[in-house]
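User: Please take me through this model by setting each value against the definition behind it, and conclude from there.

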Amino acid sequence: MKGLESVLAAARAAAVPAGDDLSSTRARWRTVFISDLHLGTPGCQAEALLDFLKANPSEQLFLVGDIVDGWQLRRRWYWPQAHNDVVQKLLRAARKGCRVVFVPGNHDEFARAFTGNAFGGIEVLEEAVHMTADGRRLWVIHGDHFDGVIQCAKWLAYLGDNLYEFTLRLNRHLNTLRARLGLPYWSLSAYLKGRVKTALNYVTDFEVAVAAEARRRGHQGVVCGHIHRAEMREIDGTLYCNDGDWVESMTALVEDFQGRLSIVQWQPPPRAGGHRQPDRAQGVRAGRLEEMAA
């Protein structure tokens, strides 16, 4: 309870510029799904997320877990203005008529004590079912319940989380050097995941398990997060969608008004030296959206 109250209190204490809400313009999407923001950590791409949300208003917004990183906040308090702005933007969207649903993950598991309640108009649900415009039932969960490490050896999950944070810090130093050399952004952790066979097997097993459970429950598809790997594909006749993360990939799952689903990636404006980073001064028009899957 203390964790959720602290985050909401911090957000309400900060002012956001007027006219900066998700409902100030006609909705671009019927539904947007985002997860793994990890607010409260240096790795969170809060500035890019703010620009994405401004440029992509929706009628419904699903926050699919690990929105706030309670694990890291317990270890060290880190909450800059941009993280306040993200929470304020979400609260404002709910007030202005966008349905905002928060499905907690393992990093913000403190919020699971409040399922069935609403905070500032944001619904907190253990899981959700979303009906697409073309009539498909999608099961919406974070996905950590299908992670054997989380369920059977939580200490190992904490260790892995610390190693991941170390990798992100190292990655920032590497990309500072790459920017000086005029090289584009490069993700060390994504490279390691793509090269380690065990990690690939883990991802595949996770995807198959989540899709199988959605199918068993009678749903046509599933939307999840957790593993920081954006993907959309059919697994034994069930649509599996993972909306990725806002630490490295800056991806989301979007639904248009005909029910078509796509994985999209937000591309912040380039800075000098070729390194892509969020740039608030240039505003939303400087960024762009790229479709990753159809």
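The exchange below turns to the chain, one helix, the nonpolar cores and the cysteines.

Analyst: This is a predicted model, in which local features need pLDDT of at least 70 and side-chain atom pairs count only at pLDDT 80 or more, while totals for chains, interfaces and linings use all residues. Residues are numbered from 1 along each chain as its sequence is written, and side-chain values use heavy atoms, with hydrogens and water left out.

User: How many helices and strands does the chain have?

Analyst: The chain has eight helices and 13 strands, where helices (H or I, at least four residues) and strands (E, at least two) are DSSP runs numbered from the N terminus. Of its 294 residues, 54% count as buried, that is, under 20% relative accessible area with a 1.4 Å probe and protein chains only, exposed being over 50% and partly exposed in between.

User: How do you know what span helix α4 should have?

Analyst: The expected span is 1.5 Å times one less than the number of residues, so the 15 residues of α4 (residues 81-95) should span 21 Å, and the end C-alpha atoms are indeed 21 Å apart, in agreement. Just after α4, Gly97 takes a positive phi of about 110°.

User: What makes α4 largely enclosed by the rest of the structure?

Analyst: Of its 15 residues, 13 are buried, and therefore α4 is largely enclosed.

User: Which residues touch the most other members of the largest nonpolar core?

Analyst: A nonpolar core is a set of buried Ala, Val, Leu, Ile, Met, Phe, Trp, Tyr and Cys residues joined through side-chain atoms within 4.5 Å; in the largest, which has 38 residues, Ile34, Leu39, Phe52 and Trp246 touch the most other members. The elements giving two or more residues to this core include β1 (29-34), α2 (46-55) and β12 (261-267), and α4 gives the most, with seven residues. A second, separate core of 16 residues includes Phe62, Val64, Val223 and Leu253.

User: Why is Cys98 called buried or exposed?

Analyst: Cys98 has a relative accessible area of 4%, so it is called buried. Cys224, at 0% relative accessibility, likewise counts as buried.

User: How many disulfides are there?

Analyst: A disulfide is a pair of cysteine sulfur atoms within 2.5 Å, and by this rule the count comes to zero. Cys224 is in no disulfide, the nearest cysteine sulfur, that of Cys241, being 8.3 Å away.
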